[in-house]
Amino acid sequence: MRKLNRPTAHRVSLVKNLATNIMVGVAGIAASEVKGVASMNGGFVGGLSEMLGKKTKGVKVQIGDKETVVDINLTVEYGARIPDVAWEVQNKVKTQVECMTGLKCVVVNIHVQGVSVPKKKQESSSNVENEKE
């Protein structure tokens, strides 16, 4: 009879890291599919971690035994209603994470980092300012 190897701390850490990466991907894809989301970004700290090789794209996940918490940093498109976009992202991420992982998603925190203004809007507003002078 073959003995089963007990999971070592290293193996448990690898499995948890893999689960975290999968959940970050699921949450990031779900959030980016919502109409009104211009981009996913991690702010200053996220930018540093992306330069160091961690491509989190503005998603942070904390995993417990049976539940998880998700934090999402995003930029909203100009003209979109921010509360509606945030609510839609929360619902979609919660549904997808629970469906794909089986863990209960207790909180989805949305952090709006800014509003993305289309190039034409930026150019026309600067032209109006130049005409006023």
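Gly114 is placed in strand β4. In this predicted model, Gly114 has a relative accessibility of 21% and counts as partly exposed, because buried means under 20%. Leaving out residues up to four places away in sequence, Gly114 touches Leu74, Thr75 and Val76. Asn73 is 41 residues from Gly114 in sequence, and the C-alpha atoms of the two are 9.4 Å apart.

Val115 is also found in strand β4. With a relative accessible area of 45%, Val115 is partly exposed. Val115 belongs to a nonpolar surface patch of about 390 Å², which is made by Tyr78, Ile82, Val112, Val115 and Val117.

**Overall layout**

The chain contains four helices and four strands. Read from the N terminus, the order of elements is α-β-α-β-β-α-β-α. Of the 133 residues in the chain, 27% are buried. The exposed area of the chain is about 9,600 Å², and carbon and sulfur atoms supply 55% of that area. Among contacts with a separation of 6 or more, 72% are between residues 24 or more positions apart.

**Strand pairing**

Strand β3 pairs with β1, with β2 and with β4. The pairing of β1 with β3 is antiparallel and has three bridges. In this pairing, Val37 stands opposite Val76 of β3.

β2 and β3 are also antiparallel, with five bridges between them. A hairpin of three residues makes the connection from β2 to β3. Across this pair, Lys60 stands opposite Asp71 in β3, and Ile63 stands opposite Thr68 in β3. The side chains of β2 alternate between two faces. Val59, Val61 and Ile63 point to one face and are buried, whereas Lys60 and Gln62 point to the other face and are not buried.

β3 and β4 run parallel and are joined by 11 bridges. Here Leu74 of β3 stands opposite Val112 in β4; Val112 is also one of the residues of the surface patch described above. Leu74 is one of the residues touched by Gly114.

How much of β3 is buried? Eight of its 11 residues are buried, so β3 is largely enclosed by the rest of the structure.

**Nonpolar core**

In soluble globular proteins, nonpolar side chains tend to be buried together. The largest nonpolar core in this model has 25 residues. Val70, Ile72, Leu74, Val89 and Val93 have the most contacts inside this core. Two or more core residues come from each of α1 (9-32), β1 (37-40), β2 (59-63), β3 (67-77), α3 (82-101) and β4 (104-116). The largest share, six residues, is given by α1.

Val89 shows how these parts meet. Apart from neighbours within four places in sequence, Val89 is in contact with Ala31, Val34, Val37, Ile72, Leu74 and Ile110. Two of these partners, Ile72 and Leu74, are themselves among the residues with the most contacts inside the core. Val37, another partner of Val89, is the residue that stands opposite Val76 in β3.

**Salt bridges**

Side chains of opposite charge can pair when their charged atoms come close. The count of salt bridges in the model is three. The table lists each pair with the distance between nitrogen and oxygen.

| Residue pair | N to O distance |
|---|---|
| Glu33 and Lys92 | 3.1 Å |
| Asp84 and Arg81 | 3.0 Å |
| Lys94 and Glu98 | 3.0 Å |

The pair of Glu33 and Lys92 links distant parts of the chain, 59 residues apart. Glu33 is in the loop between α1 and β1, and Lys92 is in helix α3. Lys92 is partly exposed, at 26% relative accessibility.

Lys94 and Glu98 both lie in helix α3, four residues apart, which is about one turn of the helix. Lys94 is partly exposed at 29% relative accessibility, and Glu98 is partly exposed at 25%.

In the remaining pair, are the two residues exposed or partly exposed? Arg81 counts as exposed, because its relative accessibility of 54% is over the 50% cut-off. Asp84 has a relative accessible area of 40% and is partly exposed.

Key: Residues are numbered from 1 along each chain as its sequence is written. This is a predicted model: local features need pLDDT of at least 70, side-chain atom pairs count only at pLDDT 80 or more; totals for chains, interfaces and linings use all residues. Side-chain values use heavy atoms; hydrogens and water are left out. A nonpolar core is a set of buried Ala, Val, Leu, Ile, Met, Phe, Trp, Tyr and Cys residues joined through side-chain atoms within 4.5 Å. Buried means under 20% relative accessible area, exposed over 50%, partly exposed in between (1.4 Å probe, protein chains only). Contact means heavy atoms within 4.5 Å. Patches are made of residues with over 30% relative accessible area and no salt bridge: like charges are joined within 9 Å, nonpolar side chains (Val, Leu, Ile, Met, Phe, Trp, Tyr) within 5 Å. Accessible areas come from the Shrake-Rupley method with a 1.4 Å probe; for residues, only the protein chains shown count as cover. A salt bridge is a side-chain nitrogen of Lys or Arg within 4 Å of a carboxyl oxygen of Asp or Glu. Two strands pair if DSSP finds at least two bridges between them.
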